[in-house]
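Please open the structure in a viewer and keep the sequence panel visible. This tour proceeds by selections, each followed by a description of what is found there.

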Amino acid sequence: MTEKPPIQEAILQSICQQDYVAILLCNESQVVKVVNNNPEINASNLLGVEYPLWLPKELIDGTANRTLVKLPDVVTKNEYIASIIDLPQGKSFLKKAITLQSVPSNLFEGLEDEKFMDSYHKALLSELPICIFSLDYKSQLFTQGLEEFAEMLGYSPKEIRKMPEGVYSPVYPADREIIDEQEKALSETDDSSLVATKFRLIHKDGAIRWYQVNSIISQRDDNGKPITEIGAIMPISQPVSETDALRDQERYYKRLVENSYDCILVFDKDFYVTYMSPSVTKVTGYTEEDLIGKRFAPYIYEDDREESSSHIQYVASNPGMLSVVERRINHKKGHMLWVESRLANHLNDPAIQGVTINFHDISERKKAERKIHSLANYDPLTKLPNRYLLRKRLLKGIAESVKKQQKLAFMYIDLDRFKEINDTLGHSVGDALLRDVSGTIEKCLRESDTLARVGGDEFAIVLPDSSEKEAGAIASRILDQFRTPFKADDHTVQTGASIGISIFPNHTKKAEDLFRFADIAMYSAKQDRNSYQFYQIKHTQQESQRRRTEKKLKVAIANGDLRLYYQPRVDIQTGKIKSVEALCRWYDPDSGDISPGLFIPIAEETALINELSKSVTDMACRQVNDWRNMGIDTTIALNLSIKDLKNFNIVRQFSDTMAMYGIEGNSLEIEITESAAMTDVLNTVKVLNQFKELDIKISIDDFGKGYSSLAYLSQLPVDNLKIDMYFVSQLGSQKRDRLINVNIIRSIISLAQSLDLATVGEGIETVQQMSILQSLGCDMGQGMLYCRPLSANAITDIIKKGSISFPVQ
């Protein structure tokens with residue numbers, strides 16, 4: 001066996017230093033254009049050559065990236081290193097590009113043994129650091145050659161894709177003008193000559209090396225503007241004097257500092273500012289006159305000042321210490337900024353002799369975080385704790401009650417006549433009433449109590465260390481306030497309240513049952529209006545009603561009385577229908593239309609949810625089949641609940657139903673809410689991966705409210721993020737709230753793009769909301785602006801058209 005010969009670096013460099021390169025542009029089978037700067041190659045001898053008959057088979061079929069060739073009908077003994085790439089498909093008839101890199105004529109002198117020569121050739125080709133590329137100007141990425149380019153610099157292709165300027169990001173800053181000049185020259189050529197240039201690239205390990213590029217424009221748009229560039233990039237030996245290298249390095253770092261968004265301050269051992277970067281003035285407003293030679297402590301936000309000073313002293317007293325903190329500082333104009341700071345002790349470094357602080361403004365991020373945290377824990381209208389935070393407070397209260405052997409009372413409050421007020425006086429009056437009511441109830445409570453808004457006109461209260469007598473007294477105090485009319489905008493509104501009360505541990509020791517029992521007692525109190533009742537063990541009228549609804553729902557599922565309505569999801573830029581969401585509807589002969597908000601929670605509280613999901617899956621698959629028989633190919637999205645994800649048979653259920661109707665997984669999509677996905681992340685990942693194996697797409701619904709989900713999102717095999725409709729609804733609100741929600745949506749879309757996910761704006765009702773989402777780069781939209789939910793028959797013609805011109809009624 002012939003041993004692989006070593007290839008000397010000098011041999012590789014001798015090839016890379018050759019300026020002679022030819023690029024052959026080809027159609028399906030022939031060379032139709034030759035662009036080269038090699039005097040040995042006569043273009044006329046290569047035009048019309050059938051390259052599949054000339055090039056080695058391993059290069060044509062892609063099993064080899066490059067090979068050594070001799071040119072047909074060319075009078076030269078030289079060999080060439082050939083590579084082949086596919087050209088982007090557009091209006092052009094060109095399909096392939098072949099690059100030919102000249103090999104020095106004396107390279108193989110003295111290699112007479114055929115086996116050794118063959119082994120030497122293979123080793124040379126595998127080690128030669130030449131990257132043949134096709135560059136897409138729009139994405140700033142190589143559509144071909146990205147792996148070789150990344151490997152050349154020590155990166156992975158994924159790392160290059162994530163860089164802000166793609167393949168331009170590793171270019172040495174001082175050489176960026178060289179790239180601009182090269183691209184300008186390419187733009188102005190008539191595509192009949194190569195443009196060559198030399199510049200430096202920064203490797204992942206920090207090394208800076210010279211490279212040479214020979215390239216041409218392979219595709220232009222209708223206006224002649226370049227779209228695609230193809231060529232070869234290779235390392236070269238470029239001698240640089242030590243003085244020039246130091247000058248370039250100084251210029252490089254100076255440019256980095258002066259153009260960085262990060263601010264830099266340097267303190268001496270006595271904590272006086274000795275240096276500030278220009279960006280400090282841009283961010284904080286302070287000039288060198290304000291800071292140089294002075295201590296920065298007075299500019300720290302007062303509440304953070306003492307801790308900040310102690311922290312700087314701690315860093316200064318520990319050589320080599322690094323620390324990252326978040327602080328508030330005062331802007332020169334008087335407002336407060338949040339900054340993230342990285343402190344480093346360089347007092348022992350003779351070139352610095354100070355403590356460096358790199359910081360950048362994170363005020364907008366903090367606003368978005370506070371907004372998301374607030375939405376996750378508080379009701380946006382009343383600013384009261386929401387159901388999520390209420391549960392946390394209730395669990396904490398129960399734990400304290402157990403520890404101290406105390407009782408705890410839980411109250412559920414529902415306003416009387418609220419729907420009537422909303423319908424007659426409008427939602428703005430209803431909202432004003434809810435705010436006034438929440439403030440009034442809070443005045444009746446103790447400091448230790450928690451009042452939360454848990455529904456449209458429903459409130460709940462946790463009363464730690466409260467007996468039945470104390471809870472009854474607080475309930476009476478609240479109801480007394482309802483005897484006086486409330487002020488809602490310009491209206492005086494009279495409403496009452498019904499209160500249900502459950503007691504821990506008398507009625508139950510479980511938080512869920514305290515909530516449920518108080519809810520049942522509240523429905524009993526509604527019979528008398530403006531009254532309160534304690535929960536009674538026997539079943540109340542409300543519990544019986546729920547049981548009756550549960551029984552009727554079970555019969556309705558079994559008899560197939562449920563129906564699916566469909567709402568389109570469209571490309572937000574073009575209006576093209578991408579899929580439809582299936583929404584379950586129930587008409588009961590005795591009660592009329594029953595709201596999904598009523599029967600779905602009942603199904604989720606019982607085992608009926610699995611039967612309901614199975615019925616919906618069957619209806620959706622049958623509808624896919626019916627539409628397919630009409631020549632309509634569209635995807636149907638189905639909603640799954642938390643309990644569906646815990647059903648061990650759910651994936652098999654989908655698979656069997658799909659097989660029964662003969663449909664593929666890509667005809668279906670499942671939607672789960674963000675809260676459902678985060679309830680049990682390990683189980684969610686497992687189940688969703690099983691769905692992905694069936695080729696079913698996955699969307700996260702109501703995305704944005706679950707603050708903790710951002711840490712887990714990358715683990716989920718998700719295709720789409722559906723932006724919660726609350727954020728969309730606020731895009732038409734006052735300027736300050738609108739800007740905050742725009743920033744939140746921009747962050748969600750940026751997060752989705754970094755994970756290769758599509759985004760869907762939910763609940764779009766106005767053109768303004770749609771336009772803002774379009775400008776932010778949202779992919780799809782859904783809502784009443786486009787089309788309300790419709791029956792299968794009603795929506796079929798709309799789907800046939802393929803797109804929607806809003807509004808559709």
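Select helix 18, residues 511-525. Helices here are DSSP runs of H or I with at least four residues, strands are DSSP runs of E with at least two, and both are numbered from the N terminus. The expected span of a helix is 1.5 Å times one less than its number of residues. For the 15 residues of helix 18 this gives 21 Å, and the end C-alpha atoms are 21 Å apart, which agrees.

The model is predicted: local features need pLDDT of at least 70 and side-chain atom pairs count only at pLDDT 80 or more, while totals for chains, interfaces and linings use all residues. Residues are numbered from 1 along each chain as its sequence is written, and side-chain values use heavy atoms, with hydrogens and water left out.

Remain with helix 18 and colour its residues by accessibility. A residue is buried under 20% relative accessible area, exposed over 50%, and partly exposed in between, using a 1.4 Å probe and protein chains only. In helix 18, 12 of the 15 residues are buried, so the helix is largely enclosed by the rest of the structure. Among them are Leu514, Phe515, Phe517 and Met522, and also Asp513 and Asp519.

**Before the helix: a cis peptide bond**

Next, select Phe504 and Pro505. The peptide bond between Phe504 and Pro505 is cis, with omega near 0°. Pro505 belongs to the loop that runs between strand 21 (497-504) and helix 18.

**Strand 24 and its partners**

Select strand 24, residues 577-588. Nine of its 12 residues are buried, so strand 24 is largely enclosed by the rest of the structure. Which strand is joined to strand 24 by nine bridges? It is strand 23 (residues 562-571), which runs antiparallel to strand 24. Two strands count as paired if DSSP finds at least two bridges between them. To see one such bridge, select Pro568 and its partner Val580 in strand 24. The hairpin of strand 23 and strand 24 has five residues between the strands, and Gly575 there takes a positive phi near 80°.

Now add strand 26 (residues 635-640), which runs parallel to strand 24 and is joined to it by three bridges. Glu581 has Ala637 in strand 26 as its bridge partner. Then add strand 25 (residues 592-594), joined to strand 24 by three bridges in the antiparallel sense. A hairpin of three residues connects strand 24 to strand 25, and Trp586 stands opposite Ile594 in strand 25.

**Two packed helices**

Select helix 20 (residues 596-605) and helix 21 (residues 608-629), whose axes come within 6 Å and cross at roughly 120°. Axes are lines fitted to C-alpha atoms, for helices over the stretch in contact, and angles run from 0 to 180 degrees between N-to-C directions. The crossing makes helix 20 oblique to helix 21; angles under 35 degrees count as roughly parallel, over 145 as roughly antiparallel, 65 to 115 as roughly perpendicular and the rest as oblique.

Which residues of helix 20 meet helix 21? Phe599, Ile600, Ala603 and Glu604 meet Leu608, Ile609 and Leu612 of helix 21, where contact means heavy atoms within 4.5 Å.

**An open sheet of five strands**

Select strands 12, 11, 15, 14 and 13, which form an open antiparallel sheet in the order 12-11-15-14-13. Strand 12 and strand 13 (322-330) are the edge strands, each pairing on one side only. The twist averages 25° from one strand to the next. Strand 11 and strand 12 pair over three bridges, and Phe267 has Val273 in strand 12 as its bridge partner.

Add helix 12 (residues 302-316), which packs on the sheet and touches strand 13, strand 14 (336-346) and strand 15 (354-361). Helix 13 (residues 363-377) also lies across strand 13, strand 14 and strand 15, and runs at about 120° to strand 14.

**Two loop residues**

Finally, select Phe271, in the loop between strand 11 (263-267) and strand 12 (273-276). Its phi is positive, near 70°, although Phe271 is not a glycine; at 22% relative accessibility Phe271 counts as partly exposed. Asp465, in the loop between strand 18 (458-464) and helix 17 (468-481), has a positive phi of about 50°. Asp465 is partly exposed, with a relative accessible area of 42%.
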